[in-house]
Amino acid sequence: MGLAVADALQSEGWQVTVFEADDRIGGMSAMFDFDGLRIERYYHFICKTDAPLLALIEALGLTSRLRWRTTRMGFFYDGAMYEWGRPDALLRFPHLGRREKLRYALHVLRARSMGDWRTLDGVEATEWIRSWVGDHAYELLWRKSFELKFYEYQQSISAAWIATRMRRVALSRKNAFHEQMGYLEGGSEALLDALAARLGARGGSIRLRSPVESVLSGDGRVTGVLSRGKTHTAELVVSTVPLQFVPALAPSLSRQELARVAAIQNIGVVCVKFKLSEQFTPYFWINVNDPRIQVPGIIEYTNLNPIGSHVVYVPYYLPAAHTRWDWDHDTFAADATECLKRMRPEWNPATIEATHVSRYRYAQPICGPGFADKLPSMQTSISGFLMADTSHCYPEDRSISESLRIAEELVRLTGSPR
Ligand SMILES: Cc1cc2nc3c(=O)[nH]c(=O)nc-3n(C[C@H](O)[C@H](O)[C@H](O)COP(=O)(O)OP(=O)(O)OC[C@H]3O[C@@H](n4cnc5c(N)ncnc54)[C@H](O)[C@@H]3O)c2cc1C
């Protein structure tokens with residue numbers, strides 16, 4: 001989001017500097033060297049509805065690196081693996097009755113064809129889902145994933161947010177039988193590098209390992225930022241860091257703004273990655289409902305993007321107050337290995353060639369009913385200081401594409417061109 005803001009402001013004549021706390025650009029979409037493979041710390045797929053992302057890919061001349069692939073979805077339920085995500089798989093699934101299957105299909109169609117999301121904005125998601133699919137199907141298909149993704153917030157999720165998530169995936173299909181997801185050859189780094197190169201070529205700069213420590217202001221106007229103990233003057237400061245960091249950076253925001261930020265809850269993620277010498281399953285993602293497995297699903301990324309090895313992501317979504325959040329990386333990796341063994345008892349852990357664990361504290365905002373009206377305004381009470389993060393994607397889920405859309409909105413609010 002920050003890079004896209006910088007890129008757009010630069011196009012409008014601003015001299016820009018990007019301050020990045022990390023040792024690399026990209027935030028959640030950043031990549032790393034995984035035992036010789038360049039790969040994202042968190043898996044990323046592109047959907048056909050990701051219009052802002054597809055437009056940027058084209059504008060940066062990367063269309064030839066965009067690939068679409070038919071992907072398969074699995075459902076691991078109570079010790080057995082089932083094909084999922086297509087009408088014939090639903091018909092074959094033995095644990096739901098005919099009427100339940102029909103209700104489930106109608107629910108997907110309802111989300112897919114959702115008109116105005118505001119009709120669902122004030123509705124609580126689990127009640128909404130139950131009203132469509134019934135209690136038994138909810139227990140079987142949804143309860144565990146709500147529990148393992150939202151914990152104490154599981155009854156506090158907006159139906160509009162769930163519906164737009166369902167719609168994004170449901171619309172990324174070739175036809176009813178074939179889900180199609182996209183990826184960029186070279187991963188999100190291809191996009192990040194192209195943006196960074198354009199920024200540099202036009203005289204902008206990116207400072208890595210340079211956390212902003214304070215947003216400076218005087219007489220109600222922004223004057224710059226403090227980073228690594230040094231003052232940098234600026235007429236305009238746009239914050240795209242997780243909102244939870246902003247009160248400490250800009251304590252002179254109004255009491256109402258600080259209260260709005262403080263009210264936003266966020267779930268963290270710890271993502272275990274395994275590089276395997278053999279394919280684990282043919283599925284890109286597998287939803288899991290099994291009492292012995294404490295993740296809502298796993299992603300075999302290389303079934304989307306065949307980068308020459310087999311990589312499985314096991315994401316643990318956790319509130320930071322959860323006892324498991326304090327586990328060290330080895331404990332997560334050992335638990336994730338057990339998850340894979342439970343899914344495929346015949347699987348040989350000796351096929352693990354490398355393991356990596358990444359952790360991000362603010363990975364998923366909790367978007368409750370009526371969330372749109374609770375968000376802090378992007379234009380703050382400090383003139384020339386704007387702020388947004390992935391919460392502002394609501395009613396959509398956070399994604400690279402949505403961060404680009406928010407970046408456009410931020411730039412519009414600056415009142416550019418200069
Ligand atoms: C497990 C997982 C799976 C995902 N899957 C997908 C997917 O399939 N498709 C998709 O499109 N999206 C996916 N996403 C979401 C996507 O990665 C994010 O929505 C997107 O990268 C958000 O980018 P951002 O710049 O808005 O925010 P962030 O990635 O949160 O970036 C914020 C940046 O601010 C920096 N920062 C923090 N504090 C400071 C400071 N004081 N000074 C300077 N810099 C600071 C951070 O280091 C970071 O680089 C996934 C995310 C996760 C966690």
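Four short exercises on this predicted model follow, each with a worked solution.

**Exercise 1. The three-stranded sheet**

Find the strand order of the open sheet that holds E4, E8 and E7, and explain which strands lack a neighbour on one side.

Solution.
- Step 1. Read the order as E4-E8-E7, with antiparallel pairing.
- Step 2. Look at the edges. Strand E4 (66-71) and strand E7 (173-175) each have a single partner strand, so one side of each has no neighbour in the sheet.
- Step 3. Check the twist. On average, neighbouring strands here are turned by 30° against each other, direction ignored.
- Step 4. Zoom in on one pair. E7 and strand E8 (residues 178-184) are joined by two bridges in the antiparallel sense. Across this pairing, Arg173 stands opposite Glu179 in E8.

**Exercise 2. Strand E5 and its partners**

State how strand E5 (residues 73-77) pairs with strand E6 (residues 80-84), and how E5 pairs with strand E15 (residues 285-289).

Solution.
- Step 1. Take E6. Its pairing with E5 is antiparallel and uses five bridges. Gly74 faces Glu83 of E6 as its opposite residue.
- Step 2. Inspect the hairpin. Two residues lie between E5 and E6, and Asp78 takes a positive phi near 50°.
- Step 3. Take E15. E5 pairs with E15 over five bridges, in the parallel sense. Here Phe76 stands opposite Val288.

**Exercise 3. Helix H8**

Decide whether helix H8 (residues 159-170) has the span expected for its length, and whether H8 is enclosed or open.

Solution.
- Step 1. Compare lengths. H8 has 12 residues and reaches 16 Å from first to last C-alpha, close to the 16 Å expected at 1.5 Å a residue.
- Step 2. Apply the burial cut-off: 20 or more other C-beta atoms within 10 Å of a residue's own.
- Step 3. List those that pass. They are Ala159, Ala160, Trp161, Ile162, Ala163, Thr164, Arg167, Arg168 and Val169.
- Step 4. Conclude. Nine of the 12 residues are buried, so H8 is largely enclosed by the rest of the structure.
- Step 5. Name the cover. It includes helix H4 (98-112), helix H5 (118-121) and helix H6 (125-133).

**Exercise 4. The shell around the ligand**

Describe the 30 residues around the ligand by distance, by element and by class.

Solution.
- Step 1. Pick the nearest. These are Met1, Gly27, Met28, Tyr42 and Ser399.
- Step 2. Find the elements giving two or more residues: strand E14 (266-276), strand E18 (352-365) and helix H14 (400-413). H14 gives the most, with three residues.
- Step 3. Sort by class. The shell has 18 nonpolar, nine polar and three charged residues.

Methods:
Residues are numbered from 1 along each chain as its sequence is written. This is a predicted model: local features need pLDDT of at least 70, side-chain atom pairs count only at pLDDT 80 or more; totals for chains, interfaces and linings use all residues. Two strands pair if DSSP finds at least two bridges between them. Helices (H or I, at least four residues) and strands (E, at least two) are DSSP runs, numbered from the N terminus. Axes are lines fitted to C-alpha atoms, for helices over the stretch in contact, and angles run from 0 to 180 degrees between N-to-C directions. A residue is near a molecule or strand if its C-beta atom, placed from the backbone, lies within 6 Å of it. Ala, Val, Leu, Ile, Met, Phe, Trp, Tyr, Cys and Pro count as nonpolar, Asp, Glu, Lys and Arg as charged, and the others, Gly among them, as polar. The expected span of a helix is 1.5 Å times one less than its number of residues. Two residues are in contact if their C-beta atoms, placed from the backbone, lie within 7 Å.
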